[in-house]
Protein chains: 2
Amino acid sequence: MYDGSGAEDGSRIEALRLRCTTFAARRTICYEGDAPTELFQLFDGWAFRYKVTRDGRRQILSFILPGDLIDLPLLGTERIAHAVKALTAISVCVFSRTELADFIYGDAERARRAGAAFAAQSAATDEQMLDLGQRSAFERIARLLNHLAVQLRKRGLAEAEGFRLPLTQSHIADATGLTAVHVGRTLREMRKSKLLSLAQGWLTIEDPESLAAI
Amino acid sequence: MYDGSGAEDGSRIEALRLRCTTFAARRTICYEGDAPTELFQLFDGWAFRYKVTRDGRRQILSFILPGDLIDLPLLGTERIAHAVKALTAISVCVFSRTELADFIYGDAERARRAGAAFAAQSAATDEQMLDLGQRSAFERIARLLNHLAVQLRKRGLAEAEGFRLPLTQSHIADATGLTAVHVGRTLREMRKSKLLSLAQGWLTIEDPESLAAI
DNA sequence: CGCGGGTTTGAGGGGTTTCAATACTAGTGG
DNA sequence: CCACTAGTATTGAAACCCCTCAAACCCGCG
C-alpha cells in the first residue's frame, strides 16, 4: 500500500494530518458501503480488510500492517466496497479524504507515486487470486505466512527467529478460503515437516528456503 | 477499467494516440514481467489477463472488453506482473506509456479520474476474491456469466436474448478456479434448471432475476 | 476424409468440509 | 487463588464437492 515514504513529501504529508487516534482490538473501523470522510494511516498494530456474502461467509482480502494506508481506494471513490476491522489494538493517523486527495492529485509527482501504490496493490491482489484459484491448502497457507514474514521484515518488525502473529486459525482460514479446522490440520503438518511452527501467537519459520520456494 | 470517456478529455486523449493495430485471436499480447513501452485501449474483441504457477496452472484474472485499457497498472509501474492474451481477434489503439502517464498525472482532474478507475478495478477484484474464496462452483460460474452480461449491456454489446460469448469451458474454468470438466457439468445443471444456456458460443440468459440473485 | 480442439459422460479417488466432542487458554469476577 | 466462561485449538468420523483419468462424441477445417 501507499506508505508516503521515499521522499521529502513524507514531511509534507504530515502537515495534512488532522490528529492521531486509537481503536480497540476487534473494533470494526468501517463497514461495506460506508462513505467515510476520513482516511487513516496505520501506525501501530494489525487490521484487515474483508467482505462477507449474504449468508455470512467471510473473505479476508488483505492484512494491513504498520505504515499502510486505510484505505487506498478511498483516494478514488467516496464509497468503499469492503469492511475494515482492527485485529489488535491499533493507532492511526487521521487525514481528511478530500484534502489528501487534493494534495496528491494536485502534484504530478505525488499522483505518480499514488499510481505506483495502486499498481503495487493490484499486483498483490492478482497474486492472491492465483493462490485462491489454483493452489492447494498447504500452498495457500505457506504463501500467506511467507508473505506476512516478508512484509514484516521489510518494515523491521520481525525478529530473526520469527515474529508475533496475532491471527487465529479462523483468520488464516478466511484469508485463504479454507475452514479453520483444515487450517489447524495443515499447520500440524507443517510443524511435523519442520517447515514452521505457529503457537501462542508466535510464528517461527524453521526452513525459510523451502517456505519461500512453495 | 479506465475508459477515457465521460468528458471532453476523450477527444484530447485521441491526440495522444499513436496508431491503431490488430492482433490475431489467441495471440499473447504481453508476458508476465514484461516492461512494455506502449499501452493499449481495446477497441473491438475480447482479451484476458492471466497468471500461471510454475507448474502450469493458469488463473484468469479478468476479461478485457471493448473500451477497457490494457493495462491500467502500467500507469503506475513499468513492469506488469501478469500476461495478457487475445481471446478473439482484437483491434486496439496504441498509446505511449510515458506520454499517457504524463498526460494523466499532469492534470489534477484527469489524475482523479484515473484514481477512480483504479478504485473501480480494485472493487471488482475484491469481489472476485470473495467469489474464489467463499463461493461454490455453481455460484462462481453464475456470477461470472452475470458479470459479463452486465458489462456487455453497459457497453451496448448484448442483445436482449443473450450475447456472443467467445469463451471455452476451459476459460471459464481458469477464471473460476475450477476444472473444465466440472464447468461442463455445472453448465448442464444450469441448462436443466432453466437458468441459462450456453452453446456454440452464444449465451442465453433465461432467468435473469434468479441469476442476478445468486 | 482425417485431424485437433472442445464438449460430454462415467467411474473412481482425494482434498476439504461438516459435524461433534474434547481440551486448551486467557480473561473475569468472586 | 480459584472457579467460571468464552473463545480457540485439536482430534476423529463421515460426507461431499470437486478433481483426475479416460473414453466417446461432436464439430469446424484443412
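These entries record what I looked up about one pocket and one DNA strand in a predicted model.

**Entry 1: the second largest pocket**

I began with the volume of the second largest pocket, which comes to about 930 Å³. Of the 36 residues lining the second largest pocket, I noted that Ser62(B), Ala124(B), Gln128(B), His147(B) and Gln151(B) are the closest to its centre. I then went through the elements of chain B that give two or more residues to this lining, and found strand 5 (58-64), helix 3 (108-134), helix 4 (137-154), helix 5 (169-176) and helix 7 (208-213). Helix 3 of chain B provides the largest share, ten residues. Sorted by class, the lining holds 18 nonpolar residues, with nine polar and nine charged. I also checked the domains: because domain 1 (9-129) and domain 2 (135-213) of chain B both contribute lining residues, the second largest pocket lies between them.

**Entry 2: DNA strand D**

Next I looked around DNA strand D, where 15 residues are found and where Arg26(A), Gln169(A), Ala137(B), Thr179(B) and His182(B) come nearest. Among the atoms of DNA strand D that come within 4 Å of the protein, sugar and phosphate make up 69%. By class, I counted four nonpolar, six polar and five charged residues on the surface near the strand. Helix 6 (180-192) of chain A and helix 6 (180-192) of chain B each supply at least two residues of that surface, and helix 6 of chain A gives the most, with four.

**Entry 3: side-chain contacts with strand D**

For Arg26(A), I found a side-chain N or O atom 3.1 Å from a phosphate oxygen of DNA strand D. The side chain of Arg185(A) has an N or O atom 3.1 Å from a base nitrogen of DNA strand D, while that of Arg185(B) has one 3.2 Å from a base oxygen of the strand.

Methods
Residues numbered from 1 in each chain as written. Chains lettered and ligands numbered in written order. Predicted model: local features only at pLDDT ≥ 70, side-chain atom pairs only at ≥ 80, totals over all residues. Heavy atoms only, no water. 1 Å grid on protein atoms, 1.4 Å probe; cavity = no way out; pocket = protein on both sides within 12 Å on 5 of 7 lines; lining within 4 Å. Points joined across faces, edges and corners; volume = space filled by probe spheres on them. Nonpolar A, V, L, I, M, F, W, Y, C, P; charged D, E, K, R; others polar. Domains from an automatic or database assignment. Near = heavy atom within 4 Å. Polar contact = N/O pair within 3.5 Å; in protein donor to acceptor, adjacent residues only side chain to side chain.
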